[in-house]
Each structure stands twice: as C-alpha cells, then as structure tokens.
Amino acid sequence: MEKEELTLKDYSKNHRLDIDKVVEDYYGYIYIIVKNTKSVGILEEDMEEMISDVFLALWKNYANLVQETKIKPYLAGIAKNVLKNKYRTTKMDFSLSDYEEQLIAPHTLEVISEEREQNEMIKDTLKILKPEEYKIFMAFYYENKKIKEIAKNLEISESKVKVILHRVRKELKTKLRKGGYSYGNG
C-alpha cells in the first residue's frame, strides 16, 4: 500500500500508536515540508524542534482521532500549523536585542530585513497572478513538483507550464528591480 493511502489504523498495535514507525516512515516528508516553507528568522536548529512537535501532536491527539484518518495529509496539516505558529512567534518577537549575539557579519540584520522585504514583494506579486499561474508557481517552487507532473495534474502542455513559469519569474524580477533589488543579467 502506498503511503498516501495509509491510515492511523495501519500504524496501530493493540490500540496504541506505533510512533516510532510513523517517525521512521514520515520524518523525511515532514523535513521537506518544514525546509521548503521555513521563513526568514527561523533558525536551522528550530527545524528539528518543529519536526518533533509535529510527531508529538500526532501522539497526543491519537486517542481522539478516527482510525481511518489518512496519516500523510494529517501530518502535513500539523506541520503547516506548527510552522504558522512558529512564524507568528518569530515575527512578533523580532527585536534587535534578540539577534545582537548572533551577528556574525555586520550586515546580517540588514540581510534579514532585505529578505523579508523581498518576500513581501514576492507575496504581493503572487496575489495578483491568475489562478492557473499561481498553482503552477506554487507547485514548482514550493511543492517541488516537476514540470511534467504539473502539466499532467493541470492537464496542460509542458511548454505552457514553462512559459507561465518564465512569465511569472520575469514579473517577479521586474517587481524586485522596481523595489531596488537587481539580479545579474536576467
């Protein structure tokens, strides 16, 4: 049976969750979710804690869950909630004094600030994309799907996916340039 189809029942023994098996099977999957969606300000060390929090939440809520719950999407949902909570606390607690001892280069805080500004510009640009463009961009850059897979899922040609990705990248570069950021010759 494929992992997409596995349920809590598949990981239960004597009405208890085999959390070790869940971690063994899904650690890599959760790691990819956290890594691909982590924001500026979340340290690498925090990733391990967030991944542990995902499995801890599953373990704590196991008794209240329906045994037919598909485990992979459930874990992904928990991971996204853990990330949102971490982002909120990181965003709210951002102060210069928290980072003074972590400064390695004199421009680290400036770099963090610039990255946040760039991320906001990207978010603003993504908000005005057509639904199809948005789906393609998100699938490629945030879900790590291949062009061929995106084309198949959306029932469009691979060349159309490439054209849309090119157009969105160009739009993002233009927006970033207008914001004072430059990128090579592209």
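**Contacts, cores and helices in the predicted model**

Beyond the residues within four places of it in sequence, Glu 68 makes contact with Thr 7 and Lys 9. The model described here is a predicted one, and Glu 68 is a convenient place to enter it. This residue belongs to the loop that links H2 and H3. Its relative accessibility is 48%, so Glu 68 counts as partly exposed. The C-alpha atom of Glu 68 lies 8.5 Å from that of Leu 6, although 62 residues separate the two along the chain.

Stepping back to the whole chain, the secondary structure consists of eight helices and two strands. Read from the N terminus, the order of these elements is β-β-α-α-α-α-α-α-α-α. The chain has 186 residues, of which 31% count as buried. When contacts between residues at least 6 apart in sequence are considered, 64% of them connect residues at least 24 apart.

The nonpolar interior comes next. The largest nonpolar core contains 25 residues, and the most contacts inside it belong to Val 22, Ile 30, Leu 58, Ile 71 and Leu 75. Two or more residues of this core come from each of helix H1 (19-37), helix H2 (44-61) and helix H3 (71-92). The most generous contributor is H3, which supplies seven residues. For Val 22, with residues up to four places away in sequence set aside, the partners touched are Tyr 11, Leu 17, Tyr 27, Phe 55, Leu 58, Ile 71 and Leu 75. There is also a second, separate core, made up of 14 residues, with Leu 129, Met 138, Ile 156 and Leu 165 among them.

Leu 165 leads on to helix H8, where it is one of the buried residues. Helix H8 covers residues 158-178, and at 1.5 Å a residue its 21 residues should span 30 Å; the C-alpha atoms at its ends are 30 Å apart, so the expected and modelled spans agree. Buried positions in H8 are Val 161, Ile 164, Leu 165, Val 168, Leu 172 and Leu 176. Because these residues take up an arc of only 105° around the axis, they fall on the same side of H8. On the face turned away from that buried side, H8 carries the exposed residues Lys 170 and Lys 178. Just after the helix, Gly 180 adopts a positive phi of about 100°.

Aromatic rings complete the picture. Across the whole structure, a search finds three aromatic pairs. In one of these, Phe 137 and Tyr 141 meet in a tilted arrangement, with 4.8 Å from centre to centre and 40° between the planes. Both residues are part of helix H6 (residues 131-141), where they sit four residues apart, or about one turn of the helix. Their surroundings can be described separately. Phe 137 has a relative accessibility of 5% and therefore counts as buried, whereas Tyr 141, at 33%, counts as partly exposed. Together with Phe 140, Phe 137 and Tyr 141 make up one aromatic cluster. Elsewhere, a ring is found beneath a charge: the charged end of Lys 72 sits over the ring of Tyr 29, at 4.6 Å from the ring centre.

Methods:
Residues are numbered from 1 along each chain as its sequence is written. This is a predicted model: local features need pLDDT of at least 70, side-chain atom pairs count only at pLDDT 80 or more; totals for chains, interfaces and linings use all residues. Side-chain values use heavy atoms; hydrogens and water are left out. Rings of Phe, Tyr and Trp (its six-membered ring) pair if their centres lie within 6.5 Å; planes under 30 degrees apart count as stacked, over 60 as edge-to-face and the rest as tilted. Buried means under 20% relative accessible area, exposed over 50%, partly exposed in between (1.4 Å probe, protein chains only). A charge sits over a ring if NZ of Lys or CZ of Arg is within 6 Å of the ring centre and within 35 degrees of the ring normal. The expected span of a helix is 1.5 Å times one less than its number of residues. The arc is that of the directions from the helix axis to the C-beta atoms. A nonpolar core is a set of buried Ala, Val, Leu, Ile, Met, Phe, Trp, Tyr and Cys residues joined through side-chain atoms within 4.5 Å. Contact means heavy atoms within 4.5 Å.
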